[in-house]
There are 2 protein chains.
Amino acid sequence: MTVKSEQTRQLVAGVALRMFREIGFAKTTMRAIAAEAGISVGNAYYYFASKDDLVQELYLQVQAEHAARAAEALKDATDLTSRLRATLHTGLDAMAPYHRFGGDFIATAIRPTSPVNPFAAGSTAAREASLDIFRTAVGAAKPPAPKKLRSDLPELLWLCYMAVTLFWVYDNSEGQQRTRRLVDGAVPLVTRGLSLARIPGVGKILDDFLSLSRSIRG
Amino acid sequence: MTVKSEQTRQLVAGVALRMFREIGFAKTTMRAIAAEAGISVGNAYYYFASKDDLVQELYLQVQAEHAARAAEALKDATDLTSRLRATLHTGLDAMAPYHRFGGDFIATAIRPTSPVNPFAAGSTAAREASLDIFRTAVGAAKPPAPKKLRSDLPELLWLCYMAVTLFWVYDNSEGQQRTRRLVDGAVPLVTRGLSLARIPGVGKILDDFLSLSRSIRG
DNA sequence: CCTCAAATTTGAACGTGTTCAAGAAAAGTA
DNA sequence: TACTTTTCTTGAACACGTTCAAATTTGAGG
């Protein structure tokens, strides 16, 4: 029964994500999704345990889109600066269609108890996939990143990516160009500033951030 | 009729905040608040337009508590580092009773459309009061902060305070000691790093953050 | 083809935040 | 005091996310 079942699942996810884009998160009620998909409310819940789970689905699809775009863009970027810039910009590209829904998305995702929280166990798959993009960006860079940082850098950059996302949600400039400018301006500073991590105090702070980020995942 | 009216308002706010502390945000339903206060649901809504507005009330009270504690602690702190540290620690002290409720609080507050959003117009009073604490911390510091930064520094530090709050929400270490350590570690770095703002690139990034933060307030 | 257990689907029901027409109480006016 | 206006209070009602017992459909084994 996997075929029909998977069809229904895809139908619900497809309808929901389209409605998220077109009419926003609040107006996309579970009843509206069910009606649009031609099924009952309870049936939608058979496939997605909560409305948050549909956000999780969105998170997965956006992340897959990001991975595809990043892989393409990283082909002709060798130094860390341009690789990082390409990674962040393609990430913004992938999120773009959902910008109007960003506030609700982040409100859902930031709650520590939410399955959608990018630090939580329920998001392990999506987070690891997202982290892999940064691992690739850092790992294949020439010249290579400083040895001392190499293992933690992808994770730190991923945290920066989360911060950029937060900035992006609040950015109402046309096409979120302000976030683009922030990325363009901040990336060279970050890559040039990597040497700062050698300062003992800075390193300790970074360690704190990393271990907190890890401990949240429980 | 201002007296009785104000009494009722205080009653609702008091009951709500106590219930937030004692049983958490989700279990503190509007019906439960009304029942506990001995009034009708609609009457609670006469004084607070939404449950979020009660969170706003909490924000105001926490901020007042912060102001009081900071004023006391800043009495015997002269250099910027210790003044900043005192300001951040007293902020954490004021929030402490509500830590278990932090996730819900931040999920409410981070939504750009929420009246509780610390960047939004509805929070102007609370935000300005909070900013004033940082203005005092910076303004009376000896030796004084670099001229170039003096006008923007309180706002930047307030943004750091928001970031620390975010960290604190996710911090489940005993008594949130990890956040305390973060503050102790990060503050000297920040004060020592102030000279970095002279680097043109860094200055531009900071400007971007500030103007975004300002533009959100509409 | 028939049987039956598992997978899928239904729709009514619950508790939630919120709204609102209606009424009660207080304050203002004479 | 008697009337009017404003402020305050009520409780039923709405749409929402979510749950669940029951009904239906499906596929495997005979």
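Select domain 1 of chain A and then domain 2 of chain A: 16 residues of the former are in contact with 13 residues of the latter. This is a predicted model. To set the selections, use 1–48 for domain 1 and 51–216 for domain 2, as the domain assignment of chain A gives them. The two centres, taken over C-alpha atoms, are 29 Å apart.

**Between the domains of chain A**

Show the surface where the two domains meet. Domain 1 and domain 2 of chain A bury about 1400 Å² between them. Carbon and sulfur atoms hold 68% of that area. Which three residues of domain 1 supply more of its buried area than any other three? Pick A:Leu17, A:Arg21 and A:Phe25; together they supply 45% of what domain 1 buries against domain 2.

Next, show side chains and select A:Arg9 with A:Glu57. They form a salt bridge, with the closest N and O atoms 2.9 Å apart. The count of salt bridges between these two domains is one. Polar contacts join five residue pairs across the boundary, both partners at pLDDT 80 or more.

Now color the helices of domain 1 of chain A. α1 (2–23) and α2 (30–37) each supply at least two residues of the side that touches domain 2. α1(A) gives the most, with nine residues. Color that side by class: eleven residues are nonpolar, two polar and three charged.

**Two local features in the loops**

Stay in chain A and go to the loop between α7 (124–139) and α8 (147–150), where A:Pro143 is found. Look at the peptide bond from A:Lys142 to A:Pro143: it is cis, with omega near 0°. Jump to chain B. B:Pro143 lies in the loop between α7 (124–139) and α8 (147–150) of that chain. The bond from B:Lys142 to B:Pro143 is cis too, with omega near 0°.

Back in chain A, move to the loop between α9 (153–170) and α10 (177–193) and select A:Gln176. Its phi is near 55°, a positive value in a residue other than glycine. For context, most residues other than glycine have a negative phi, and most peptide bonds are trans.

**The two chains together**

Zoom out to see both chains. Superpose chain B on chain A: a turn of 180° and a shift of 0.0 Å along the axis do it, with an RMSD of 0.1 Å. The two copies are thus related as by a two-fold rotation axis. Which C-alpha of chain B is nearest the axis? Select B:Ala107; its C-alpha is 2.3 Å from the axis.

Select the contact residues next. Chain B gives 30 and chain A gives 30. Of the interface residues of chain B, 100% are also interface residues in chain A, so the copies meet through the same surface. The area buried between the chains is about 2600 Å², and carbon and sulfur atoms give 72% of it.

Show side chains across this interface. The count of salt bridges between chain B and chain A is two. One to select is A:Arg111 with B:Asp104, at 3.1 Å from N to O. Six residue pairs are in polar contact between the chains, both at pLDDT 80 or more.

Finish on the helices of chain B. α6 (102–110), α9 (153–170), α10 (177–193) and α11 (200–216) each supply at least two residues of the side that touches chain A. The largest share, nine residues, comes from α11(B). Color this side of chain B by class: 18 residues are nonpolar, six polar and six charged.

Terms used: Residues numbered from 1 in each chain as written. Chains lettered and ligands numbered in written order. Predicted model: local features only at pLDDT ≥ 70, side-chain atom pairs only at ≥ 80, totals over all residues. Heavy atoms only, no water. Least-squares fit on C-alpha atoms with pLDDT ≥ 70 in both. Contact = heavy atoms within 4.5 Å. Buried area = accessible area lost by both parts, 1.4 Å probe. Salt bridge = Lys/Arg side-chain N within 4 Å of Asp/Glu carboxyl O. Polar contact = N/O pair within 3.5 Å; in protein donor to acceptor, adjacent residues only side chain to side chain. Helix = DSSP H or I, 4+ residues; strand = E, 2+ residues; numbered from the N terminus. Nonpolar A, V, L, I, M, F, W, Y, C, P; charged D, E, K, R; others polar. Domains from an automatic or database assignment.
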